[in-house]
Amino acid sequence: MHKNLGPSDVVKMMQERNIQFVDLRFMDFPGLQQHLTFPVKQITEEVFEEGLGFDGSSIRGWQGIHESDMLVMPDPRTATVDPFAEIPTLILYCNILDPITKARYSRDPRNVAQKAEAYLASTGIGDTAYFGPEAEFFIFDEVRYDQTPHSGYYFLDSAEGIWNAGRQENPNLGYKLRYKEGYFPVPPSDSQFNLRSEMVATMIACGLDVECHHHEVATGGQAEIDLRYDALTAMADKMTLYKYIIKNTAHKHGKTATFMPKPMFSDNGSGMHTHVSLWKGGKPLFAGDKYAGLSQDALWFIGGLLKHANALVALTNPTTNSFKRLVPGYEAPVNIAYSARNRSACCRIPMYSPSPKAKRVEFRVPDPACNPYFAFSAILMAGIDGIQNKIDPGEPMDKDLYDLPPEEKAKVPQVPGSLARALEALEKDHEFLLRGDVFTEDVLRTWINYKREKEVLQVNLRPHPYEFYLYFDI
């Protein structure tokens, strides 16, 4: 990805690198990347101004069949050579437009992100919102699952999983990671070191700025690769490329990667702690002389996150499986509180560096199943609301939240315990998302209805395997 590329630069790149195909990509409504591919001769400089037509009626959460025609408009700044294509192929991320009015399509997640950035600038508060997500994921050797009217199951396996300590492997060499002890042993216990390094090398070759990678807490192949922060839309673009590289590198080696928040019982789930800071005129706005070295604006930003936390979760943790991770009493950040060091609070202020440029707020609730364009935008809008309305976040919670007496613990609010509850919260509290026409009533209603009908209801209708353990002999 190259921020300063224009259409003529992309055409020149295609010629210099002998590109044969151009892959136009965009994000569907729930957050899965889509693509359509054109022979290179179809992509001229005019395409960057006029776009190309396609049928949007089959994209999840998008147009009806009676209004299916749409335009896909490539963004030249996102040009990246596909590292996995056998024939030289260029990737371009795109905006979606109405073919008649040429207006941006309101349900295009990238459009929402760009409107959020424009709204921040229009407020005069700042001109740039930087986001630094820390996405976790699992790499498995096998996954099988099925659901029929008379059966349902899933099966996961990993060569490093502790459950395989006694398996005949001819030979089994041991070095299986015990539950919750995957943080940070060296190889051979860390069996995926070389695979993650290959993922990172590919990311760097594609223009991503990687800070580090490591094995995560869980056995069975949990990992984390951290990208250096970037502006909101640019970082959401990078997260889609990040996922693409991780999944395809794993696939190349006969493995599979998943960003499902809680694929495995009895060990840690995968979160996406998200670092946020606002800047104006090249200067950081979150450094000051308040608590933990924060500015007043930063504290108000936290106040907005805490006030709207219940609604935010519907966009930052948007799957029924997300709430298998967000369970009170474990390490998940379910407590609606803030702290300089307490990792069970949903807002934390990292204290690694004294530099004003490093001062930021870490919103720890999100998970990597989210649509990053929507999630980052919602976080920013909540924070802006906090600054505009000077929302006091209250006192920090620096005590161990798990060791609090019951009467104190009862006073600490927690995020919703299910996707259904989170959607109810979003339904009641979303005015802050509508400002600047960033999210629209149509976008939020479509999101709520889609999640209720396609996910919450469908999971509720089906018996869970553990229910047979609990209830079959009744």
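**Exercise 1. Find how β10 and β11 are connected, and which turn residue has a positive phi.**

Solution. Step 1: β10 and β11 form a hairpin. Six residues lie between them. Step 2: in the turn, Gly220 has a positive phi of about 80 degrees. Strands here are DSSP runs (E, at least two residues), numbered from the N terminus. This is a predicted model, where local features need pLDDT of at least 70, side-chain atom pairs count only at pLDDT 80 or more, and totals for chains, interfaces and linings use all residues. Residues are numbered from 1 along each chain as its sequence is written, and side-chain values use heavy atoms, with hydrogens and water left out.

**Exercise 2. Work out which strands pair with β11, and in what direction.**

Solution. Step 1: two strands pair if DSSP finds at least two bridges between them. Step 2: β10 (residues 210-215) is joined to β11 by five bridges, and the two run antiparallel. Val210 stands opposite Leu227 in β11. Step 3: β7 (residues 128-140) is joined to β11 by three bridges, also antiparallel. Phe137 has Ala223 in β11 as its bridge partner.

**Exercise 3. Decide how many residues of β11 are buried, and on which faces.**

Solution. Step 1: buried means under 20% relative accessible area, exposed over 50%, partly exposed in between (1.4 Å probe, protein chains only). Step 2: β11 spans residues 222-227, and six of its six residues are buried. Step 3: one side holds Gln222, Glu224 and Asp226. The other holds Ala223, Ile225 and Leu227. Both faces are covered.

**Exercise 4. Place Tyr471 and classify its exposure.**

Solution. Step 1: Tyr471 lies in helix α13 (residues 465-471); helices are DSSP runs of H or I, at least four residues. Step 2: its relative accessible area is 46%, so Tyr471 is partly exposed.
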